[in-house]
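Here's a quick look at how the chains meet and how the domains sit against each other. Have the model open as you read.

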2 protein chains.
Amino acid sequence: MNLTKILAAIAFITSANMALAGSWEALPNKAPEPADNPTTPAKVKLGKILFMDPRLSSTGTVSCNSCHNVMLGGEDNRPVAMGVNGQTGGRSAPTVWNAAFNSVQFWDGRAPSLEAQAAGPVTNPIEMGMKDWDAVVKRLKAIPGYSNLFKKAFVLDGAISKDNATKAIAAYERTLITPGSAYDKYIKGNKKAMTEEQIRGMNKFAEVGCTNCHSGAAFNGPEMPEGTGFFMKFPVHKDKKTEIKYALTRDKGLAEVTGKKTDDNMWKVPTLRNVALTAPYFHNGKVKTLDKAVDLMARLQLGKKLSKKESSDIVAFLNALSGRFPRQTFPTLPGTPGRAF
Amino acid sequence: MNLTKILAAIAFITSANMALAGSWEALPNKAPEPADNPTTPAKVKLGKILFMDPRLSSTGTVSCNSCHNVMLGGEDNRPVAMGVNGQTGGRSAPTVWNAAFNSVQFWDGRAPSLEAQAAGPVTNPIEMGMKDWDAVVKRLKAIPGYSNLFKKAFVLDGAISKDNATKAIAAYERTLITPGSAYDKYIKGNKKAMTEEQIRGMNKFAEVGCTNCHSGAAFNGPEMPEGTGFFMKFPVHKDKKTEIKYALTRDKGLAEVTGKKTDDNMWKVPTLRNVALTAPYFHNGKVKTLDKAVDLMARLQLGKKLSKKESSDIVAFLNALSGRFPRQTFPTLPGTPGRAF
């Protein structure tokens, strides 16, 4: 338990108004690591190469980074992602920044870890379109430089395998965290780090109840054991016209995985870190601006109509959650001298 | 005139066998710059950002780097490039590495400069698919961070314009050069930098006549004034069966631009720098391996059948032309806080 969390716990005990006084947490400088996949430099190096390698897709044109662009807000700023051969699905690519602080992955939380998530898009026919992981492994084995990279990353079992590839990608993703936002500086004591508007927005954000779900250092809910998701129904308050306008209930979310009626329209509570950089919004990317997203969240989740000023204050606060991206060098992807991949 | 060139010139005067003795040139550490677009750090910074920005395409998914990948051999290792919505054309993406040493750009040499080249793919409907440059400029103007980047890069006229955008991209591309190959080390005096096989291949390369066209520091022909291309007919020696097998004459090359019968199947002589990393080969990407490409070049351009050993020696030499890629950091692309691009 780090100091920030201890302070938050003390605040929780001593304060009557947790949301306003004590529950603000800075983003840790390090992401949690699972016991069976410690983050090492060699693994991060390999993971970055794999993350950037378009040869992990059937056409050789789509890498993990294509939809989760670390040069942007960790995604593609498109309503829904575009995979191989220009195909699109129904959901918006979530940001990879700080995904390490999600206890489950994907909008419907179906992956219990970053490792499990990394395996998915590669063989999804409308995303990276590889036939199966055997085909991926075969391709990686045919690229001479990968052999040594896997050996260095996995000292005991240096095989080129699905397990090791997804572990390396997950290890790299655990380095993709963005502390140092105006908000982080502010709650660490630099009272000039946020504007008055942002401070008002921060208090309003807690007061109206956004923190009911968007709590914690990553604003994605309470700390849960890895693999256990924090879900919320969306929308909570019925509004047929809005639902139709933005097609909010067409995709059943968690129920599409479990088949349970009680999981209808249940979604993983997403992080709000860097949310200003990840328009358009919601699981289907149908909402174009953060202003509108805040307005809709208040109405549909909290049953509240925000004033223009309340809404713009909260938007200003959300802009204070844009963090500092880590400095990264371009990897050189191993080649296939004299022949194509 | 740098020392290497002076030495080459002396060798030319004193040696009876220029190709074997004196015409080997190391790649300069700096690319030539046009008088009206000097390379400056601010321009290179902006150019890199533009080069990496997928929002320069209609779908927001294809950047210059998608097909000219600086994490690979400066291209995509595909037979022909794939643009927006999975569209493909008839030609293979040329490498961006050392493109600064080409006096003209594109396979058919239709662009007289890197600046002119950079304007093309952005509005090509099957490449990046933007309607026109007005639309590109409009989109860039709507991304707040670009304004300052253009102002810093172009002190006198800091406008966001096609002219400035393409100048910045070209300035960045002039930094994408790869000295330090085994070959460069060898001809600078490190006699252990190349293997015996590679040295044999180097001499064979000159002896059979590859250097007739692939001469100079970039192995793309004699030094020409910027904007003046060095073209060669391909194939020179008729071989109907091979032509059909690889569809070599279907695309008329320079004649597709000029409409002149005399330009039929004339092509810009491409650089051989990093050629081992840019399979598959030729303008249409129909030849899968470097072995086959060398064999075909000898037969179709020089009318010679190489022995297996001669061919493998030359391939070994061509592998010695893979250079050292410059260390680069990922740029952070300017965002559009609160809304999509």
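Between the two chains, 41 residues of chain B are in contact with 41 residues of chain A, contact being C-beta atoms, placed from the backbone, within 7 Å. On the chain B side, α13 (290-302) and α14 (308-319) are the elements that give two or more residues; helices here are DSSP runs (H or I, at least four residues) and strands too (E, at least two), numbered from the N terminus. This is a predicted model, where local features need pLDDT of at least 70, side-chain atom pairs count only at pLDDT 80 or more, and totals for chains, interfaces and linings use all residues. Residues are numbered from 1 along each chain as its sequence is written, while chains are lettered from A and ligands numbered from 1 in the order in which they are written.

How do the copies relate? A turn of 180° and a shift of 0.0 Å along the axis lay chain B on chain A with an RMSD of 0.0 Å (least squares on C-alpha atoms of residues with pLDDT of at least 70 in both). The two copies are thus related as by a two-fold rotation axis. In chain B, Thr329(B) comes closest to that axis, its C-alpha at 2.0 Å. The copies meet through the same surface, because 100% of the interface residues of chain B are also interface residues in chain A.

Now the domains of chain A, with bounds from an automatic or database domain assignment:

| Domain of chain A | Residues | Residues in the contact |
|---|---|---|
| domain 1 | 3-29 + 179-319 | 30 residues |
| domain 2 | 41-173 | 25 residues |

Their C-alpha centres lie 27 Å apart.
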